[in-house]
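Biologist: Before we turn to particular features, could you take me through how to read them, beginning with the strands and going on to the helices, the cysteines and the backbone angles?

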Amino acid sequence: MHYTLIRPDRGLAPALQQRIDTKTKPLGALGRLEALALQIGLIQQTLEPELRQPHVMVFAGDHGAARAGVSAYPQDVTWQMVENFLAGGAAINVFARQAGMGLSVVDAGVAHDFGPRPGLIAAKVAPGTANYLEAPAMDAAQRNAALAHGRELALGLAGTGCNVVGFGEMGIGNTAAASLLTHCLTGADLATVIGRGTGLDDAGLARKRELLAHAVARGGRPADPLDALAQYGGFEIAMMAGAMLGAAEARMVLLIDGFIVTSALLVAHALAPAVLDYCVFAHRSQEPGHAVQFDHLGAEPLVQLDLRLGEGTGAALAYPLVQAAVNFLNEMASFESAGVSGKAD
């Protein structure tokens with residue numbers, strides 16, 4: 001499976017930087033927003049970037065290992081939360097509405113039959129993965145189907161005119177899968193990338209560490225992203241990785257949420273490193289493995305709000321900052337146009 005992504009041409013960077021530097025402000029005074037404006041201008045290859053039809057895609061899937069006790073919540077919460085998304089009652093619904101973002105929920109592999117539903121994209125690979133404590137989470141055909149479907153979904157979204165997409169997820173047990181993928185793909189010690197997920201107590205955290213060590217004793221520590229994904233991933237993580245690659249292929253701005261979304265990005269990045277040029281990292285979550293992922297990717301989050309909810313909530317909360325970066329570039333006066341004196345020589 002081969003992915004070729006084109007890095008944005010940096011030939012426009014000097015003109016973009018000049019445009020940023022001559023706004024009515026001290027040089028560099030808008031901090032990270034200036035780097036963000038430059039990045040988005042390069043992604044879109046224009047001095048006047050535009051954000052169109054921003055959208056959040058929430059990928060949902062179940063994990064066979066969830067029934068073994070890697071989470072504080074029962075597996076049924078996955079499908080119940082999908083119902084909550086469809087009813088408009090979850091945090092991501094509130095924040096997406098507030099930010100003026102569209103929202104799609106993707107059934108990548110929930111262990112529940114929803115039937116046709118408005119707002120739900122039926123893309124179920126299977127009703128949950130296998131239990132990676134006993135066998136690989138998915139076979140190669142399932143993994144490849146999830147990746148391919150994710151790519152198609154992103155390209156389809158781009159075809160509607162959307163050019164900025166936030167990624168979110170729902171799946172009981174998926175912080176455990178994200179920890180295993182992070183262990184495999186960053187080389188970090190397993191214990192350092194295992195957190196409390198949905199709120200495990202000390203005994204629950206110790207059990208989670210024990211179970212994941214058992215999983216690695218069975219499945220090893222594959223450094224190949226496709227092998228790691230098949231061993232330990234979830235259908236929602238695999239489909240999200242495919243969607244990230246498709247979105248970057250379509251030159252969209254990718255809003256990366258928390259620990260689980262970034263585990264999907266680790267896979268996408270290992271398959272096509274240029275995906276990083278299109279990524280805006282929304283926030284750093286409370287999961288200890290998220291900082292490890294940032295170190296591996298050489299990335300910096302826009303904000304740190306101690307979030308640990310998932311669903312794409314951090315991506316939706318960060319979107320107004322992305323808007324601010326584009327808007328200052330397009331709407332703020334230059335020293336020349338405003339008749340304001342520049343810095344004295």
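Modeller: Please keep in mind that this is a predicted model. A good place to begin is strand β4, where both faces are covered: V164, G166, G168 and M170 on one side, and V165, F167 and E169 on the other, are all buried.

Biologist: How many of the residues of β4 are buried?

Modeller: The general idea is to ask, residue by residue, whether the relative accessible area falls under 20%, which is the cut-off for calling a residue buried. In β4 seven of the seven residues are buried, so the strand is largely enclosed by the rest of the structure.

Biologist: Which strands pair with β4, and over how many bridges?

Modeller: Pairing is read from the bridges that join one strand to another, together with the sense in which the two strands run. Strand β1, residues 55-61, is joined to β4 by six bridges and the two run parallel; within this pairing, H55 stands opposite V165 of β4. Strand β5, residues 253-256, is also parallel to β4, and three bridges join them, with G166 having L255 of β5 as its bridge partner.

Biologist: With which strand does β5 pair over three bridges in the parallel sense, apart from β4?

Modeller: That partner is strand β6, residues 279-281, where F281 stands opposite I256. As for the side chains of β5, V253 and L255 point one way while L254 and I256 point the other way, and all of them are buried.

Biologist: I would next like to read a helix crossing; at what angle do the axes of α2 and α12 cross?

Modeller: One takes the approach of the two axes, then the angle between them, and finally the residues that meet. The axes of α2, residues 32-44, and α12 come within 8 Å and cross at roughly 75 degrees. Since angles of 65 to 115 degrees count as roughly perpendicular, the two helices, α2 and α12, are therefore described as roughly perpendicular to each other. On the α2 side the contact involves L33, E34, L36, A37 and I40, which meet L321, V322, A324, A325, V326, F328 and L329 in α12. Sorted by character, the residues of this contact divide into eleven nonpolar, no polar and one charged.

Biologist: Helix α12 also holds a proline; is P320 buried, partly exposed or exposed?

Modeller: P320 has its place in helix α12, residues 313-331, and is partly exposed, with a relative accessible area of 38%. As for its position relative to a residue far away in sequence, the C-alpha atoms of P320 and D21 are separated by 22 Å, and the two residues are 299 apart along the chain.

Biologist: What does S179 contact beyond its neighbours within four places in sequence?

Modeller: Here one looks at the helix, the accessibility and the contacts together. S179 is found in helix α6, residues 174-186, and is buried, with a relative accessible area of 0%. Leaving aside those sequence neighbours, S179 is in contact with L190, V193, I194, G195, L212 and F259.

Biologist: How many disulfides does a search of the whole structure find?

Modeller: The search finds zero, and the sulfur distances show the reason, given that a disulfide requires two cysteine sulfur atoms within 2.5 Å. The cysteine sulfur closest to that of C162 is in C279, at 14 Å, which is too far for a bond; starting from C279, the closest cysteine sulfur is in turn that of C162, again at 14 Å. C162 is buried, with a relative accessible area of 4%, and C279 likewise counts as buried at 4%.

Biologist: Finally, why does a positive phi deserve a note in a residue that is not a glycine?

Modeller: It deserves a note because most residues other than glycine have a negative phi. R251, although not a glycine, has a positive phi of about 60 degrees; this residue has its place in the loop between α9 and β5 and is partly exposed, with a relative accessible area of 31%. D306 has a positive phi of about 60 degrees as well and is not a glycine; D306 lies in the loop between α11 and α12 and counts as partly exposed, at 48% relative accessibility.

Technical notes: Residues numbered from 1 in each chain as written. Predicted model: local features only at pLDDT ≥ 70, side-chain atom pairs only at ≥ 80, totals over all residues. Heavy atoms only, no water. Buried < 20%, exposed > 50% of the residue type's maximum accessible area, 1.4 Å probe, protein only. Helix = DSSP H or I, 4+ residues; strand = E, 2+ residues; numbered from the N terminus. Contact = heavy atoms within 4.5 Å. Axes fitted to C-alpha atoms, helices over the stretch in contact; angles between N-to-C directions. Parallel < 35°, antiparallel > 145°, perpendicular 65-115°, else oblique. Nonpolar A, V, L, I, M, F, W, Y, C, P; charged D, E, K, R; others polar. Pairing = 2+ DSSP bridges.
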